[in-house]
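Student: I would like to take a close look at a single part of this model, and I would be grateful for one connected account of it.

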Amino acid sequence: MLKILFVCTGNICRSPLAEGILRDKLLRANIQAIVDSCGFESFHVGDKPDSRAIAVSKKRGIDISGHRARLFRDRDFEEFDMIFVMDSTHHKNVMKRSRNSDDQLKVDYFLNVLQPGQNLDVPDPWYHDLNAFEKVYAQLDEACEAFVKRVTKTI
C-alpha cells in the first residue's frame, strides 16, 4: 500500500488541502493508500485546518474539517514511502531531520510532479484572502491529478 505524507508550515492550509484532494482522487481511482499531512510550526498542533481551506475543499465535495494539525516526526521517514513538501523551507527542515540517503530519497517538492526538477514552491495562502486559497487548491488539484495518473500507470 502506498503511503504519502505532505508537509507544510502549520499543517492548517497547504498540506491538509493536498491530503484531502489526493485522498479523494485515490479513492475515486480505487487505489489503496495512506495519505497524511504534518507541519513544523507547533503553534497550530491540534487545530483544525484554516476555515478558508475547509471552505474551498467543501465547495468541491471534500471534507477536511476532521483533520488536526500535527508536527513532523522522525518516524515519518519509516512510516511513509513519499514525503512531499510545499516549499524550500520545508524541504530544508525535512532534509535536516533525515537520517540517511534512503530518507532523503523519499523527499521531494510536490510540484515536481508537474514540473520535474523545478523545485517550485506552493505559495502559502494563509496571509491572503480566499482567492489565494482557491489558487492553491487549483494548483494542488492539478498536481494530485498528475500524481494519480502516474501511480495508475505503475499499478
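Which residues in helix 2 meet which residues in helix 6?

Tutor: Bearing in mind that this is a predicted model, the contact can be described from both sides: helix 2 contributes Arg52, Ala53, Val56 and Ser57, and the residues they meet in helix 6 are Leu130, Phe133, Glu134 and Tyr137. By character, the residues of this contact comprise five that are nonpolar, one that is polar and two that are charged. As for the geometry, helix 2, which covers residues 51-58, packs against helix 6 at an angle of about 55 degrees, and the two axes lie 9 Å apart. Because angles from 35 degrees up to 65 degrees fall outside both the roughly parallel and the roughly perpendicular ranges, helix 2 is classed as oblique to helix 6. The crossing in which helix 2 passes helix 6 is right-handed.

Helix 6 itself spans residues 130-154, and the loop that runs between strand 4 (107-109) and this helix holds Asn119. The backbone of Asn119 deserves attention, since its phi is positive, at about 50 degrees, although the residue is not a glycine. Asn119 is partly exposed, for its relative accessible area is 39%, which lies between the 20% and 50% cut-offs.

A second asparagine offers a useful comparison: Asn11, also not a glycine, has a positive phi of about 65 degrees, and it sits in the loop between strand 1 (2-8) and helix 1 (14-28). With a relative accessible area of 0%, Asn11 is buried.

Terms used. Residues are numbered from 1 along each chain as its sequence is written. This is a predicted model: local features need pLDDT of at least 70, side-chain atom pairs count only at pLDDT 80 or more; totals for chains, interfaces and linings use all residues. Side-chain values use heavy atoms; hydrogens and water are left out. Helices (H or I, at least four residues) and strands (E, at least two) are DSSP runs, numbered from the N terminus. Buried means under 20% relative accessible area, exposed over 50%, partly exposed in between (1.4 Å probe, protein chains only). Axes are lines fitted to C-alpha atoms, for helices over the stretch in contact, and angles run from 0 to 180 degrees between N-to-C directions. Angles under 35 degrees count as roughly parallel, over 145 as roughly antiparallel, 65 to 115 as roughly perpendicular and the rest as oblique. A crossing is left-handed if the near helix is turned anticlockwise from the far one by less than a right angle, and right-handed if clockwise. Contact means heavy atoms within 4.5 Å. Ala, Val, Leu, Ile, Met, Phe, Trp, Tyr, Cys and Pro count as nonpolar, Asp, Glu, Lys and Arg as charged, and the others, Gly among them, as polar.
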